[in-house]
Amino acid sequence: MSEHVAAATTQMKILVPGHQSMVALLGQRDSFLKLIEGAFGADILVRGNEITISGPPDEAERVGRIFEELLELLERGHDLTEDSVGQTIAMVTGGVVEPGEEELPRPSEVLGDNLLSSRGKKIAPKTFGQKRYVDAIRHSTMTFAIGPAGTGKTYLAVAVAVRALQERQVSRLILTRPAVEAGERLGFLPGSLYEKIDPYMRPLYDALYEMTGPDTLPRLMERGVVEVAPLAFMRGRTLNDAFIILDEAQNTTPEQMKMFLTRMGFGSKAVVNGDATQVDLPSGQLSGLHVVQEILEGIEGISFVHLGGKDVVRHKIVQDIVEAYGRYSQQRLAADD
């Protein structure tokens, strides 16, 4: 019996470099260490700057990987938080290689991919799916991101766009989304046209304010460097040397989607994102996001990225809700068939 237990147990040691603070690695009052211990069955013993991990071989190996990734993040100058430790655990335990991928990136490469520093806060992808999305934006002329709320579709696209503007890769940033209530119902709202459309644009303004600052954004908008406008304002234009983001694309008709996609000019990059399960169009109206992949699949320079429940980076309960709704939708589809 004792021989069987010994054979099923392994031990590995990690030596923490002397210049690294054990508090930075393990957290105040060992809060990070407790997160790791709670996620695995391995025993973790800390003495001085040495960490000893004992347990089943696969568990010990994963715990060892987590500490190696956290040390790498510290080496890169990133302060660890309960969020980054939790995301590292999730990536080490739940990563799946997508078709066309040879291997998954290291969690430290994901969390350490600093897109933008805004008022002391570093903005980076937090999941493998978000990393795929960011890389697709960088390498493609046009990127489509399809996924539920909370997966960072808009937030990450705006971060990459602001960085491109700062580095003069483009000369202007254009953010747009369809105002589904446009027409008669919008016309009955009080105020000027811009006051009427402002509620539809507010999520885009919020992201821009966070990344550029409340003082900088008005100046950029006055100069025409940043433009936030409803999709109808794109008609008839050619957008050169611009980074263009179409948000809430599930609420475009196929005709509107085609109109937007053909606005692309020279030196421009576009990101189209939406949640195919949250269509607010009138009943019976086909969404442009539903058909666009079938139409554009295989065109060079266009990428499609699908985000899911594992890419939700809001409260854990939001991830659980998204996955529950996903299972419900699949069950309904199966029942209809």
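Reader: Which residue just after α8 takes a positive phi?

Author: That's Arg-168, with a phi of about 60°. Keep in mind that this is a predicted model, so treat the angle as a property of the prediction.

Reader: Okay, and α8 itself? How many of its residues are buried?

Author: A general idea to start with: an α-helix has 3.6 residues a turn, so residues three or four places apart point the same way. Now the case here. Eleven of the 14 residues in α8 are buried, which leaves the helix mostly covered. Among them are Lys-153 and Thr-154, along with a run from Leu-156 through Ala-157, Val-158, Ala-159, Val-160 and Ala-161 to Val-162. Ala-164 and Leu-165 are buried too. As for its length, α8 reaches 20 Å from first C-alpha to last, close to the 20 Å expected at 1.5 Å a residue.

Reader: What does α8 lie across?

Author: Strands. Helix α8, residues 153–166, lies across β6, β7, β8, β9 and β10. Relative to β9, α8 runs at about 170°.

Reader: Then let's do the sheet. How do I read the strand order?

Author: Generally, strands of a sheet pair through backbone hydrogen bonds, either parallel or antiparallel. In this model there's an open sheet of six strands, and you read across it as β8-β7-β9-β10-β6-β11, with parallel pairing. The edges are β8 (226–230) and β11 (302–306), each of which pairs on one side only. Going from one strand to the next, the twist averages 15°.

Reader: Can we zoom in on one pair? How many bridges link β7 and β8?

Author: Five, in the parallel sense, with β7 covering residues 172–177. If you want a spot to click on, Leu-173 stands opposite Val-226 in β8.

Reader: Now helix pairs. What do I look for in α3 and α5?

Author: Two packed helices are described by the angle between their axes and the distance between the axes. For α3 (residues 31–39) and α5 (residues 82–94), the angle is about 25° and the axes are 10 Å apart. That makes α3 roughly parallel to α5. The crossing of α3 past α5 is right-handed.

Reader: Which residues in α3 and α5 meet?

Author: From α3 you have Ser-31, Phe-32, Leu-35, Ile-36 and Ala-39. They meet Glu-82, Val-85 and Ile-89 in α5.

Reader: One loop residue caught my eye: Asp-311. Is it buried or exposed?

Author: Buried: Asp-311 has a relative accessible area of 8%, and the cut-off for buried is under 20%. Asp-311 sits in the loop between β11 and α14 (316–336).

Reader: What does Asp-311 touch, leaving out residues up to four places away in sequence?

Author: Thr-127, Gly-129, Gln-130, Gly-150 and Thr-151. Two of those names, Gly-129 and Gln-130, also turn up in the buried list for α7, next to Phe-128, Lys-131, Tyr-133, Val-134, Ala-136 and Ile-137. Helix α7 has twelve residues, 128–139, and reaches 16 Å, close to the 16 Å expected. For a contrast with those contacts, try Glu-297: Asp-311 is 14 residues from Glu-297 in sequence and 23 Å away in space, C-alpha to C-alpha.

Reader: And the whole thing, zoomed out?

Author: The protein has 14 helices and eleven strands. Its C-alpha trace spans about 75 × 55 × 40 Å along the principal axes, and 45% of the 337 residues count as buried. Of the contacts with a separation of 6 or more, 70% join residues 24 or more positions apart.

How values were computed: Residues numbered from 1 in each chain as written. Predicted model: local features only at pLDDT ≥ 70, side-chain atom pairs only at ≥ 80, totals over all residues. Heavy atoms only, no water. Helix = DSSP H or I, 4+ residues; strand = E, 2+ residues; numbered from the N terminus. Expected span 1.5 Å × (residues − 1). Buried < 20%, exposed > 50% of the residue type's maximum accessible area, 1.4 Å probe, protein only. Pairing = 2+ DSSP bridges. Axes fitted to C-alpha atoms, helices over the stretch in contact; angles between N-to-C directions. Contact = heavy atoms within 4.5 Å. Parallel < 35°, antiparallel > 145°, perpendicular 65-115°, else oblique. Left-handed = near helix turned anticlockwise from the far one by under 90°.
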